[in-house]
Structures are given as C-alpha cells and as structure tokens.
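Please look through the sequence and the model below before reading on. This report follows how the parts of the chain are arranged against one another, beginning with a pair of helices.

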Amino acid sequence: MDEAHNNRTSLAKGAKDIAKEAKRHASKNLSKAVDRASDEYSTHRSYNRFQNEDEDEDNYNSYAQQDGRYADNAANDEDGASSDATEGHDDEDEIYEGEYQGVPAHNDGKQRDGQVALGQPVSDSLKSQKELENERQADEEELAQQYELIMQECGHGRFQWQLFFVLGLALMSDGVEVFVVGFVLPSAETDMCVPNSGAGWLGSIVYLGMMFGAFFWGGLSDKLGRKQCLLISMSVNGFFAFLSSFVQGYSMFLLCRMVSGFGIGGAVPIVFSYFAEVLAREKRGEHLSWLCMFWMIGGIYASAMAWAIIPHYGWSFSMGSAYQFHSWRVFVVVCALPCVSAVVALTFMPESPRFFLEMGKHDEAWMVLKQIHDTNMRARGEPERVFTVSTRRPPHHHPAHCCSIWLTFMKCFDYPVRDNTIKLAAVWFTLSFGFYGLSVWFPDVIKHLQADEYASRVKIHNSERIEDFTFNFTLENQIHRNGVFLNDRFISMKFKAVTFIDSSFLNCYFEDVSSVGSFFKNCTFVDSFFYNTDIDDSKLTNSRVINSSFHHNKTGCQMTFDDDYSAYWVYFVNFLGTLAVLPGNIVSALLMDKIGRLSMLGGSMVLSGISCFFLWFGTSESMMIFMLCLYNGLSISAWNSLDVVTTELYPTDRRGTGFGFCNAMCKLAAVLGNLIFGSLVGITKAIPILLASSVLVGGGLVGLRLPDTRANVLM
C-alpha cells in the first residue's frame, strides 16, 4: 500500500508540473522560484494541493505543518516572478521558450524508519486504510482537474480532427464487420454446400469472437496503451478477414472470421477511450457523438459494396473444381480496406497522453501534449511553445499479462464504480438484445413476406405432354404435376424454384443444366442422359432412374444471384435502415451536452421500445421497411449516449477494461438475440414484439439511474 500510495503521489506531482508548464505561458513573467519549489517537492513526500492559479500571487512563503500535512499560508509567487527567458516579451505574439525539469522523485530525502522529522507528514505506515484511500482519491481528483486544464490550454483543433478521422476508420471497420456477416452468410453457406444444421453458425461465431476480443483488448489497452493495442487488434482483424476470402472449407472460413471478429472486438472500447482522453470536457460529448457516425458510414459502405459486387456472379474465377473464387469473396476483400487504412493512419498518431500519465511516464505525456498544442497552434497561425526536457524520470512498470488484466477487471466491481458497472452492463445487454434481435427479425420477416408473395404467383401445370421440344431458357416458380416429357432436350438452361411431381421423362437429354430450389418428386427417368448438370440424389426425391446415365456432374453448390431481384432488394433495405440513423446521429451530437447523456439514453430506449408496438401493423414489405427505419433512427441516440457515458464513468486505469466488459455483454446479447429472434420468424409476431419492447423499456429505466457525467473530468 505504501508503494502504491507513493506512486500515486508522484503521479499527481508529475501532472502538477505539467499543469503549471501549460499554464505558465499565459503570464508575462516566469517564476524564478521553480527550482526552490522543485527542491521542496523532492525533499518532502507530500505536496500542497493545487491552488487557484488564476489569482495574482505576489509572495512565496514556506510550508507550515498542520496535523502532519502541509498547508499554504501564503500564495505562491511562481506566476508573479520574472523570468530572464520571457522578460520584456508579450506572450501573445512571442514564442515561449521554457524548460520542463522532469518529475521529482518521491523518495528523495527519506527519513530513517520509526522517525518523523519536524515539518514532515506522517508516514503512510502510521495512517489508516481509510486515510490512504482518501488521499489516493484526492490525488486522482487533482490529477483529473490538472489534466482538464492542460487540455483546455492545448485547445481543440487540427490534432483532434486528425485523430477523429483515423479512429473513425477503425470504428467504420467495426460497422463493416457486423454487416459483412449478414451479407455473405447466404452466399458463403451456399457456395460451400453447408447443410441446414450448419447454417447460422457464421453469424454466431463472429459475435462470439467479438465478445472475447472486446474484453481482452479493452483490458490490455489499460496496460500496454491505447494506440499499441488498437494497432495490434486491427492488424489481426485485417489479416484474417483478408485470409477468409481465400479459404475454401467452411470450417476454416468460420475459424478465420472468428479470429477476425476477435481482432475487431477491441475497436469500440479502445477508440472511445482513446479519443475521450484528448478532448476537453466541453467538447467531449458532442465530438464522441460525431465519432459514432463512422459506424453508420461502415454500414452504408458494406451495403453499397454488397449491392455492387455480390450479385455479379460473373466476377469470379476458378482453378479446376477444387478452387472457386466467387463474387462474395471479392466483397470480403473490399470490406477489409477500411481496416487496412486505419492501421496505416494509426501508425502516425501518438499514444494517449492521459495513459502516459497513468503509467507514470510524465516526460512522454508532456511531449505528446506539446505536440497537440503545437499542432493546433500552427493551424491557427499562433506561435508555438518550445520546450527542453532536461530531466527524465524512470517510468513505473506495469506488467501486462492475463492476471493483471483480470485484476483490473475485478477493480471494476470495487467501490465506487461497482454499481455503475452493473447498471451499464444491464443497459448494454438490453439495448443490444433488442437491436440485434430485431435486426435479424426484420430482414427475415421481409424475406418471409417475399416468399409468401412469390409462392402466390406460382404457375401450376397439370397432366401436360411435351414431345420433341428444346428447353434453352429458364423455368421459374412452377409446379408440374403428372406431366410426360418425351424426346425433349434441356440444354444450357436453369430450373429456379421448379418442382416436378409424379412426372415421367422418357428418352430425354440434359446438358449444362443448373437447378436452384428445384426438385423431382416421385418422378421416373427412362433412357435419359445427363451431362454437366447438378441434378443428383439430393434433388431426386423418391424418384426412379431406369437405364439412364450421369456424366461430369457439377460439383459444389450453385450460386443464386444471376438476375436475382431479391438480392438487390436485401442490400437496399439494409442501406435504407442504416441511412435512417443519420438524423438521430446529428440530433444526438448537437444535443448531447444540452439535454444530457442520461435523458437521451433513457428517452431513446423507451421510445424505441414503444415503436416496436407499431410492428403489429407491418403487413407489407413497405410497412416493415418503414418500421425498420423508424426503429433504427430512434435507437441510435441511445447507442451514442451510452458510448459517452461508459467512457466518462470509468477512471483511466480501468476505462478500457470497463468499456471492454460492457461491449462484451453487448456481443453476448447479440448472439442470444440472433438465436431467439431468428427462431421466431414466421411463427408469431407477439413474442418478438413484446420481448423487444420490454427489454428496451426496462434498460432505458435502468439507464436513467446512472450518474450524470456531463460535468465530469476524466478521472
């Protein structure tokens, strides 16, 4: 405990030095008492609490001891004294040349054990646990206040906007990953001949990978740093996403997408933690909300690319029958581009200075803060400050391993953040369960309505007899009962949703025939010849084949996207649903700091839950699409405000871990939502509507019980 307190005390001392350096350029004169103050800090283990530096201070008096602690009896003359470096110059139009002396060691001038020198504070060993905890909390509060002053001095400008677009690419990659799953699922499972029992695993396993990734990378970012962990996680995502487009087996494809999801799982918790730590308090809510728009942009990008690429079956090549590279694989490669771009751009950005401070790397933090300030000042045409780092203090070493990540995670359930962690987890789970559950249910309901309409237009042919005819065109959505086909030729044609029942094929010739959703039930083939077709036992149900032969049958499963209107329609619906969140994004960004995070969070979730009841009236495709857009538009404000609240509620030493845990709960809810809502499609409307409404309203009410973070500084 002594060592932890000493480290925290030294940490706050370093932040105090940095705060004074950042504030010092605002006055015309520099105090000559800096060295004397630094000597005092080095001699004593405690330091004076941060005083109001805006007051004019003319004198510097020594510290007096009160109950084992120091108190300022007179104001520090540090701001009032003159400096040779700045004497006679106006700081508003002159470059300030100062010197950062490093962070004084906390153990200089130690007393012997068992002794308390006059003027020295009481040893930590003589203090109670409560006193030490109070001092640690006071240190954290002081550090947060000082860092806030620093960020206000650095201003908001070019640096923040550069980081905004770089982190936006990473967040865009997360949005793309979510949509890629739904878009490639039908074509990937068809291309790889996945049986019905294996269908659906792709969606679930990717979310599982994202769940573990969010927890792991979020926790690791509190140990290794925001930038480094984000770089590694995005690299993992990009590599395995690219690799998944080339593997042929479904099991290997599942493995690659799971590892890819594990990588991208770290994007959301790290991106928001990273960006929040370079924003001043008055800018944080608005600009974190603007950052959320990149998730929407990722969805729009994925929808547009799917519409432009996947239905074009001709965009493919093959090497024999063993290797097939279809259009959906091209789509997977294209969707990896935002991730690659984010990795390249991120290499040019610095680490979070707030993380450096937390790790005790004060000099590194100071240099990053100088970079932020100078970048913003240059963009405004204002003079920069020039600093010389003359003393370097060894940083604290925090080992990054699984045990330390777990210990940091357990700290999220310590007072005073325990209740907030439980409430946040509940809100994340309920919002995600309703959102992802309905996101699966909406498209499936639309497909179900399309299938009903398609089935209503089926053409039925009974007892027909066709002789010596050549079929070289597509037969679609037909049922043939008790038909007789004599000496007919089926050449270079397709069967799409065609069913032959109790029909006979006598001396018929089949060449280059593809059949999608087509079956022969209780049919008889006599003296028939099949060449380069995909008609096999799976499509011959209770049928007899007499004196007939099959040659060079097509292997693999046939894609269904040639001239398929429904494929375009699915992507267009998702595009509209994603675009519908744009008004909600704009409103939440503009009002986040005005009406408050909690009002927006609770109100948005309650309104989203109420909007679910309008699904009773969704009896057509157009009505269901309208309901999808309305729901997405109302729920996006809840997502944005939840991201902001989660970032602001956790202190820096566990911000990534806490956010990662909440995001992991989000992905767990997505898996459960997919399974539960997906099983209810076509069965009943009542259960999905009531389930989604109840969890959303309940989560919104819990969200209203969270503490308001509008006025918070980042602890």
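Helix 8 passes helix 20 in a right-handed crossing. In this predicted model, the axes of helix 8 (residues 267-276) and helix 20 (residues 655-678) come within 8 Å and cross at roughly 140 degrees. Because angles over 145 degrees count as roughly antiparallel and this crossing falls outside the roughly parallel and roughly perpendicular ranges as well, helix 8 is described as oblique to helix 20. On the side of helix 8, the contact is made by Val 268, Pro 269, Phe 272 and Ser 273, while helix 20 contributes Arg 655, Gly 656, Phe 659, Gly 660 and Asn 663. Sorted by class, the residues of this contact are four nonpolar, four polar and one charged.

A second pair of helices can be read in the same manner. The axes of helix 18 (residues 597-611) and helix 19 (residues 621-649) come within 8 Å, and they cross at roughly 150 degrees. Since angles over 145 degrees count as roughly antiparallel, helix 18 is roughly antiparallel to helix 19. The crossing of helix 18 with helix 19 is left-handed. In helix 18 the residues that meet helix 19 include Leu 598, Met 600, Leu 601, Met 605 and Leu 607, and among their counterparts in helix 19 are Leu 630, Leu 634, Leu 642, Val 644 and Val 645. Serines also take part, including Ser 604 and Ser 608 of helix 18 and Ser 637 and Ser 641 of helix 19. The contact of helix 18 with helix 19 divides into 12 nonpolar, six polar and two charged residues.

We now turn from the helices to the strands. Five strands form an open sheet in the order 8-11-13-16-19, and their pairing is parallel. Strand 8 (465-467) and strand 19 (544-546) are the edge strands, each of them pairing on one side only. On average, and with direction ignored, neighbouring strands of this sheet are turned by 5 degrees against each other. At one end of the order, strand 16 (residues 524-526) pairs with strand 19 in the parallel sense over three bridges, and Val 526 has Ile 546 of strand 19 as its bridge partner.

Other parallel pairings involve strand 10 and strand 12, and the table lists them with their numbers of bridges.

| Strand | Partner strand | Bridges |
|---|---|---|
| Strand 7 (residues 459-462) | Strand 10 (residues 475-481) | four bridges |
| Strand 10 | Strand 12 (residues 489-501) | six bridges |
| Strand 9 (residues 470-471) | Strand 12 | two bridges |
| Strand 12 | Strand 14 (residues 509-516) | seven bridges |
| Strand 12 | Strand 15 (residues 519-521) | three bridges |

Individual residues can be followed from strand to strand through these pairings. His 461 stands opposite His 480 in strand 10, and the bridge partner of His 480 in strand 12 is Phe 500, which in turn stands opposite Phe 520 in strand 15. Another such path begins at Phe 471, which stands opposite Phe 490 in strand 12, and it continues to Phe 510, the bridge partner of Phe 490 in strand 14. Between strand 10 and strand 12, Ile 479 stands opposite Thr 499.

Two residues in the loops beside strand 12 deserve a separate look. Asn 487 lies in the loop between strand 11 (484-486) and strand 12, and it has a positive phi of about 55 degrees although it is not a glycine. Asp 502, whose place is in the loop between strand 12 and strand 13 (504-506), likewise has a positive phi of about 55 degrees without being a glycine. Asn 487 has a relative accessible area of 25%, so it is partly exposed, and Asp 502, with a relative accessibility of 40%, also counts as partly exposed.

Finally, the chain can be considered as a whole. It contains 21 helices and 20 strands, and buried residues make up 53% of its 715 residues. Of the contacts between residues at least 6 apart in sequence, 69% join residues at least 24 apart.

Technical notes:
Residues are numbered from 1 along each chain as its sequence is written. This is a predicted model: local features need pLDDT of at least 70, side-chain atom pairs count only at pLDDT 80 or more; totals for chains, interfaces and linings use all residues. Side-chain values use heavy atoms; hydrogens and water are left out. Axes are lines fitted to C-alpha atoms, for helices over the stretch in contact, and angles run from 0 to 180 degrees between N-to-C directions. Angles under 35 degrees count as roughly parallel, over 145 as roughly antiparallel, 65 to 115 as roughly perpendicular and the rest as oblique. A crossing is left-handed if the near helix is turned anticlockwise from the far one by less than a right angle, and right-handed if clockwise. Contact means heavy atoms within 4.5 Å. Ala, Val, Leu, Ile, Met, Phe, Trp, Tyr, Cys and Pro count as nonpolar, Asp, Glu, Lys and Arg as charged, and the others, Gly among them, as polar. Two strands pair if DSSP finds at least two bridges between them. Buried means under 20% relative accessible area, exposed over 50%, partly exposed in between (1.4 Å probe, protein chains only).
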